[in-house]
Amino acid sequence: MASGTARYLRYILFAFFGLAVIYFISSSSNQRLPTTIGGSTGWGGIPVKAGTTPAADAHPVAGTTPNTIPGLPPATAGGPRMNATFVSLARNSDLWEIARSIRQVEDRFNRKFNYDWVFLNDKPFDATFKKVTTSLVSGTTHYGEIPKEHWSFPDFIDQDKARKVREDMAQRKIIYGDSVSYRHMCRFESGFFFQHPLMKQFEWYWRVEPSIELFCDINYDAFKFMADNKKKYSFVLSLYEYVETIPTLWESTKKFMKAHPEHIVEGNSMGFLSDDGGDTYNHCHMWSNFEIGNLDWLRSKAYTDYFDALDKDGGFFYERWGDAPVHSIAASLLLKKEEIHFFNDIAYYHVPFTHCPTGEKTRLDLKCHCNPKDNFDWKGYSCTSRYMEINGLEKPEGYENQQD
């Protein structure tokens, strides 16, 4: 009997001890873990869910930098948005490369503004592409197929002549010289992307290609900046085009200028394109894999007349005219100088060139992670110095340290 009583007492003691341990662990965890009542805040009052606000008495956690909370961008930006979209030409096989680009754009800019994104392809997008990209974009995604007539040889192109040109360029090892799809892409980006039914609802566009990087925060609405400052075209990198790809592009341009003097505006940027008043082309162009621009300008009679003239001359297939020199020449001749903008503060990479903002203060303020030594702007093969000169703009402080 005594042994049975002792056994029960031991059970009661073990149970009491176990409850005490559980209580101790539970109370200690409540002291250490951040409160998440309502799912609103985490460590130091940082929002756990986008759109929520920190507690009024929240303070940075000891050991973190003082700007932890003030440095966080708002979940959304106030005020009206522009009628604008991102646009990407991509194939299903580009999914993970374009996903990387989307993540860069969303993290550095679009999570604050939630702009839409248009994806265009010469084939239907598959379910996986749509599912992944929709999950990454904070705005609404749109998926469109390119009409066959915008991604094929026009009837007036001599197919045999075009084939011989590609074979010759392949032997001379000219980049993309033997590619048919690259030529279709350049023609489409030059004259048709802004005419696609999905694009017709928008006034502004920002072109994004697979595998790009953005190195700095963009804390203002770049579309609104363009509209407020009456800009119609913009760039971050400029360079000289491969001469072998555009041997007759300037001759076609001069023919257009003679036929349509009404389209050539006063106060244009001819000085960016030519060293002799337009007799010859110096091959400078703005790299179009990044561009923010006005779609109404691209749909204007001046621009469409220029593209139609080039298209009929056949240089997209008989040579290898790129959309970058086409856009650049058009902007430089059909727009006033002040309507073209250089975004020094939008840090960008597309293989093999980097634009890293000149000026240490700018890089620190925008939390940039690019190496200023990689900045291409002031190298000998860049045309950005020429752009600054013709516009009477001072080069940013510190540019001397980034020259060759």
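Helices (H or I, at least four residues) and strands (E, at least two) are DSSP runs, numbered from the N terminus. These names are used in every view below of a predicted model.

**View 1. The whole predicted model, by confidence, has an average pLDDT of 86.** Of the residues, 80% score at least 70. One stretch scores otherwise: over residues 21–76, pLDDT stays under 50. For residues 21–76 the model has 46 contacts beyond four places in sequence.

**View 2. The largest cavity holds about 50 Å³ of space.** Rolling a probe the size of a water molecule over the atoms shows where empty space is left. How many cavities of 30 Å³ or more does a search of the whole structure find? The search finds one. Its lining is made up of V87, S88, L89, L120, F188, E189, F193 and R207. Strand β1 and helix α5 each give at least two of these residues. Which element gives the largest share of the cavity lining? Strand β1 does, with three residues. By class, the lining has five nonpolar residues, one polar and two charged.

**View 3. The largest pocket encloses about 1000 Å³ of space.** A total of 39 residues line this pocket. Closest to its centre are Y176, Y182, M185, E209 and H350. Four elements each supply at least two lining residues: β1 (84–89), α5 (180–191), β7 (238–240) and α12. Helix α5 has the largest share of the pocket lining, with four residues. Sorted by class, the pocket lining has 20 nonpolar, ten polar and nine charged residues. Strand β1 and helix α5 also each supply at least two residues of the lining of the largest cavity.

**View 4. Helix α7 crosses helix α12 at roughly 30°.** Helix α7 covers residues 249–259, and α12 covers residues 323–334. Their axes come within 12 Å. Is the crossing left-handed or right-handed? The crossing of α7 past α12 is right-handed. On the α7 side, look for L249, W250, T253, F256 and M257. They meet P325, I329, L333 and L334 of α12. Eight residues of this contact are nonpolar, one is polar and none is charged. Helix α12 also supplies at least two residues of the lining of the largest pocket.

**View 5. The peptide bond from V351 to P352 is cis.** Most peptide bonds are trans. Here omega is near 5°. Where is P352 in the fold? P352 sits in the loop between β11 (348–350) and β12 (353–355). H350, in strand β11, is among the residues closest to the centre of the largest pocket.

**View 6. N114 has a positive phi, near 60°.** Most residues other than glycine have a negative phi. N114 is a residue other than glycine, yet its phi is positive. Look for N114 in the loop between α2 (95–108) and β2 (116–121). Strand β2 includes L120, one of the residues that line the largest cavity.

Note on methods:
Residues numbered from 1 in each chain as written. Predicted model: local features only at pLDDT ≥ 70, side-chain atom pairs only at ≥ 80, totals over all residues. Heavy atoms only, no water. Axes fitted to C-alpha atoms, helices over the stretch in contact; angles between N-to-C directions. Left-handed = near helix turned anticlockwise from the far one by under 90°. Contact = heavy atoms within 4.5 Å. Nonpolar A, V, L, I, M, F, W, Y, C, P; charged D, E, K, R; others polar. pLDDT = per-residue confidence, 0-100. 1 Å grid on protein atoms, 1.4 Å probe; cavity = no way out; pocket = protein on both sides within 12 Å on 5 of 7 lines; lining within 4 Å. Points joined across faces, edges and corners; volume = space filled by probe spheres on them.
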